[in-house]
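The following report describes the fold, the cores and selected residues of the structure shown below. It begins with one residue and then widens to the chains.

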Amino acid sequence: MIEIKNLHKQFGQTEVLKGIDLKIEEGNTVCIIGPSGSGKTTLLRCLNLLETPTKGTIKLGKFSLDFQDKKSVPKDKVIKFRQQTGMVFQGYNLFPHMTALENVMEGLVYVRKQDKEASRTKALQLLEKVGLSDRANHYPSQLSGGQQQRVGIARAMAMEPEVLLFDEPTSALDPELVGEVLKVMKELAKEGMTMVVVTHEMNFAREAADKVVFIDKGVIVEEGTPQQIFEHTGHERTLQFLNKLCS
Amino acid sequence: MFADERMDRIVDIIVNSFFPMLKAGVAFTVPLTLVSFFLGLLLALLTALARISGIKLLDAIARFYVWVVRGTPLLVQLFIIFYGLPSIGITISPLPAAIIGFTISVGAYNSEIIRAAILSISKGQWEAAYSIGMSYPQALKRIILPQATRVSVPPLANSFISLVKDTSLAATITVTEMFRVAQQITATTYEPLILYCLAGFIYLIFSTVLSNAQGQMEKRLDRYVTG
């Protein structure tokens, strides 16, 4: 379970997150939606400490971190905390000098220090899971965007994280490649992976999410089941946002 | 008749000095270049890391070092090390003095190349490395430096070839490298044009071989970018 309390993030003078409270149950898929600049990506990046929150607490798995102004969290604690998460990036960010297989193995071999052969077996299983067994020895430059993103998912899964974080995983993809990535994500959701997904894919949110969170201007405006948000929202801002997407 | 004699003499001199010079090249120029370059690269990497460390003191030290070394002639630096330092009790023999001088120079120039190469790798690569649980040194070693290496090979090769030629400056601090040998033979034969051209020719051979090696290395490092 993830518990975020009163989370603030400030970049210089701009406050991007203004006190976020959010609970994410184990095995749930939570979709974060909202207009651009609303702070949804920043919130996601705070969850694995790619951004250090200015204030607030995050509880995840074995760790609970308390952030205070100008007090930095020790580096080894940051790494331990982060190792409970996996992240899938908008721009894939695969390691270009490694094959698909090596990308997935990298964390197992060099972070977890696991045996190379065992790591290879596990990485191959994961590539099969995302439908890319036949691309194991291809370099990222030889893969389509959709394939690269699926390798990205396998890479994140390899570390067996408590939670998978997705930062607009399909936004950089050609429309015809979006489906293959969403399909993999839906399967993971079904298998009970805990996932936090920042997305503009409302259909995915509607179908796969256990909870949808609408963020605007650094605060959570509303959260609920997809049905509550998409069909019965009582909030003017949510309605405006959804209407804009449909028009 | 006169022309023939002259021709014979020229051939004689070339034949008799080519091998001593090549030998000096292989015995001094090449090792001097290789050792200085690799020590210099280490120094350059440390300097580049100091520059991007975000630690103000390290950054300042690195900047100062690069500023001083780039702003003064290599010849002056060699003279300070070899002829200057003995007056404060530090005497270094010619070859080590040359290695120290070249290493310091290579370190300063190449630190900027390495720094630029590291900075050219997208932030997303660092983040991806961190996202699978890597520490800063791990990310640097496994993810960033391998990619930065590819970017930095052409400019580093440039600086390497410059160094091959700059080693001729070691002649001025009595290292018997190739150019010094050319000077010595000139002193006895009085044929500066022939011998200095010959020296230039041998430097040209060395740098051509090295350029080809660079091409090979680039090809190898480029294997993952060609789709």
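Is Ala123(A) buried or exposed? In this predicted model, Ala123(A) is buried, because its relative accessible area is 0% and the cut-off for a buried residue is under 20%. Ala123(A) belongs to helix α4 of chain A, which covers residues 116-129. Leaving aside residues up to four places away in sequence, Ala123(A) touches Leu101(A), Val104(A) and Met105(A). His200(A) stands 77 residues from Ala123(A) in sequence, and the C-alpha atoms of the two are 29 Å apart in space.

**The two chains**

Chain A contains 9 helices and 10 strands. Its radius of gyration is 18 Å, close to the 18 Å that the globule rule gives for 247 residues, so chain A is as compact as a globular protein of that length. Chain B, in contrast, has 8 helices and 0 strands, and its elements follow the order α-α-α-α-α-α-α-α from the N terminus on. The radius of gyration of chain B is 22 Å, well over the 17 Å given by the globule rule for 227 residues, so this chain is more spread out than a compact globule.

The table lists further values for each chain.

| Property | Chain | Value |
|---|---|---|
| Box of C-alpha atoms along the principal axes | Chain A | roughly 50 × 45 × 30 Å |
| Span of C-alpha trace along the principal axes | Chain B | about 80 × 55 × 25 Å |
| Residues that count as buried | Chain A | 57% of 247 residues |
| Residues that count as buried | Chain B | 44% of 227 residues |
| Exposed area | Chain A | about 11,200 Å² |
| Exposed area | Chain B | about 11,900 Å² |

Carbon and sulfur atoms supply 46% of the exposed area of chain A, and 70% of that of chain B. As for charge, chain A carries 32 positive and 32 negative side chains, and the centres of the two sets are 6 Å apart. Chain B carries 17 positive and 12 negative side chains, with 16 Å between the centres of the two sets. Among contacts with a separation of 6 or more, residues 24 or more positions apart account for 65% in chain A and for 75% in chain B.

**Nonpolar cores**

Which residues touch the most other members of the largest nonpolar core? In this core of 71 residues, they are Ile4(A), Leu7(A), Ile20(A), Leu43(A), Val196(A) and Phe102(B). Helix α4 of chain B, residues 94-120, contributes the largest share of this core, with 9 residues. A second, separate core has 50 residues, among them Ala100(A), Leu126(A), Ala158(A) and Ala208(A). Beyond residues up to four places away in sequence, the contacts of Ile4(A) include Ile20(A), Leu22(A), Leu43(A) and Leu47(A), together with Asp21(A), Thr57(A) and Ile58(A).

**Residues with positive phi**

Most residues other than glycine have a negative phi. Tyr92(A), although not a glycine, has a positive phi of about 65°. Tyr92(A) is placed in the loop between β6 (85-88) and α3 (100-111) of chain A, and it is buried, with a relative accessible area of 12%. Glu160(A), also not a glycine, has a positive phi of about 45°. Its place is the loop between α5 (145-158) and β7 (163-167) of chain A. Why does Glu160(A) count as exposed? Its relative accessibility is 57%, and exposed means over 50%.

Terms used:
Residues numbered from 1 in each chain as written. Chains lettered and ligands numbered in written order. Heavy atoms only, no water. Core = buried A, V, L, I, M, F, W, Y, C linked by side-chain atoms within 4.5 Å. Buried < 20%, exposed > 50% of the residue type's maximum accessible area, 1.4 Å probe, protein only. Helix = DSSP H or I, 4+ residues; strand = E, 2+ residues; numbered from the N terminus. Contact = heavy atoms within 4.5 Å. Rg over C-alpha atoms; globule rule 2.2 N^0.38 Å. Areas by Shrake-Rupley, 256 points an atom, 1.4 Å probe, with all protein chains shown as cover. Lys, Arg positive; Asp, Glu negative; His and termini not counted. Charge placed at Lys NZ, Arg CZ, Asp CG, Glu CD.
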